[in-house]
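Hi,

Here is the structure I said I would pass on. Have a look at it first, and my notes come right after.

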Amino acid sequence: ISGSGSQVTVGGITVDASIAPQLEAMLNAARADGLVLTGSGWRSNARQIQLRTINGCPDVWNSSPSSCRVPTAIPGTSNHERGLAIDFDNCSWRGSACYIWLANNASGFGFYNLPSEPWHWSVNGK
């Protein structure tokens with residue numbers, strides 16, 4: 001899966017332009033239900049490398065994401081680098097209002113959860 005390479009910001013979340021309409025619709029639906037969703041989407045390759053270091057990955061380029069203190073994709077493989085994933089704030093556990101709402105509604109907007117990370121939602125669940 002690849003994005004268009006053009007980023008736009010919707011509701012404070014920067015994503016690939018190809019998913020901006022569905023993100024905007026989802027943010028509006030959540031707001032209509034009384035939930036304001038915030039988070040971060042696109043990140044540069046340099047930021048992905050930095051996060052691998054911050055999150056204690058044994059080897060930035062070769063260690064599996066699960067070997068890090070916080071699972072973090074190998075640079076060049078993250079949907080965040082394509083603008084096709086969002087880490088939602090206040091979704092750190094499955095009992096949170098954010099997670100429950102997303103679990104019940106996100107797939108209708110084309111977003112799927114990475115099971116190991118309640119906060120991470122993308123176009124393909126990775």
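Below is what I found, from the overall fold down to a salt bridge and one alanine.

First, keep in mind that this is a predicted model.

**Overall picture**

The protein has 3 helices and 6 strands. Reading from the N terminus, the order is β-β-α-β-α-β-α-β-β, so you can tick the elements off as you scroll along the chain, given that they are numbered from the N terminus.

On size, the radius of gyration is 14 Å, and a compact globule of 126 residues would come out near 14 Å, so the two agree. If you want a box, the C-alpha atoms fill roughly 45 × 35 × 20 Å along the principal axes.

Of the 126 residues, 40% are buried. Among contacts with a separation of 6 or more, 50% are between residues 24 or more positions apart. The accessible surface is about 6,200 Å², and carbon and sulfur atoms account for 54% of that.

**Charges and the salt bridge**

There are 8 positive and 8 negative charges, and their mean positions lie 6 Å apart. How many salt bridges does the structure hold? Just 1. It joins Arg-43 and Asp-87, with 3.2 Å between the closest N and O atoms. The two partners sit 44 residues apart, so the pair ties together distant parts of the chain: Arg-43 is in the loop between strand S3 (39–40) and helix H2 (45–54), while Asp-87 belongs to strand S4 (residues 85–88).

Are these two partners buried or exposed? The cut-off for buried is under 20% relative accessible area. Arg-43 has 13% relative accessibility, so it counts as buried. Asp-87 comes in at 15%, so it is buried as well.

**A closer look at Ala-106**

The other spot I'd point you to is Ala-106, in the loop between helix H3 (97–105) and strand S5 (112–114). With a relative accessibility of 0%, Ala-106 counts as buried.

What does Ala-106 touch, once residues up to four places away in sequence are left out? The list is Met-26, Trp-101, Phe-111 and Trp-121. For Trp-121, which is 15 residues away along the chain, the C-alpha to C-alpha separation from Ala-106 is 8.4 Å.

If you open the model yourself, the Arg-43 and Asp-87 pair and the contacts of Ala-106 are the places I have described in detail.

Cheers

Notes:
Residues numbered from 1 in each chain as written. Predicted model: local features only at pLDDT ≥ 70, side-chain atom pairs only at ≥ 80, totals over all residues. Heavy atoms only, no water. Helix = DSSP H or I, 4+ residues; strand = E, 2+ residues; numbered from the N terminus. Rg over C-alpha atoms; globule rule 2.2 N^0.38 Å. Buried < 20%, exposed > 50% of the residue type's maximum accessible area, 1.4 Å probe, protein only. Contact = heavy atoms within 4.5 Å. Areas by Shrake-Rupley, 256 points an atom, 1.4 Å probe, with all protein chains shown as cover. Lys, Arg positive; Asp, Glu negative; His and termini not counted. Charge placed at Lys NZ, Arg CZ, Asp CG, Glu CD. Salt bridge = Lys/Arg side-chain N within 4 Å of Asp/Glu carboxyl O.
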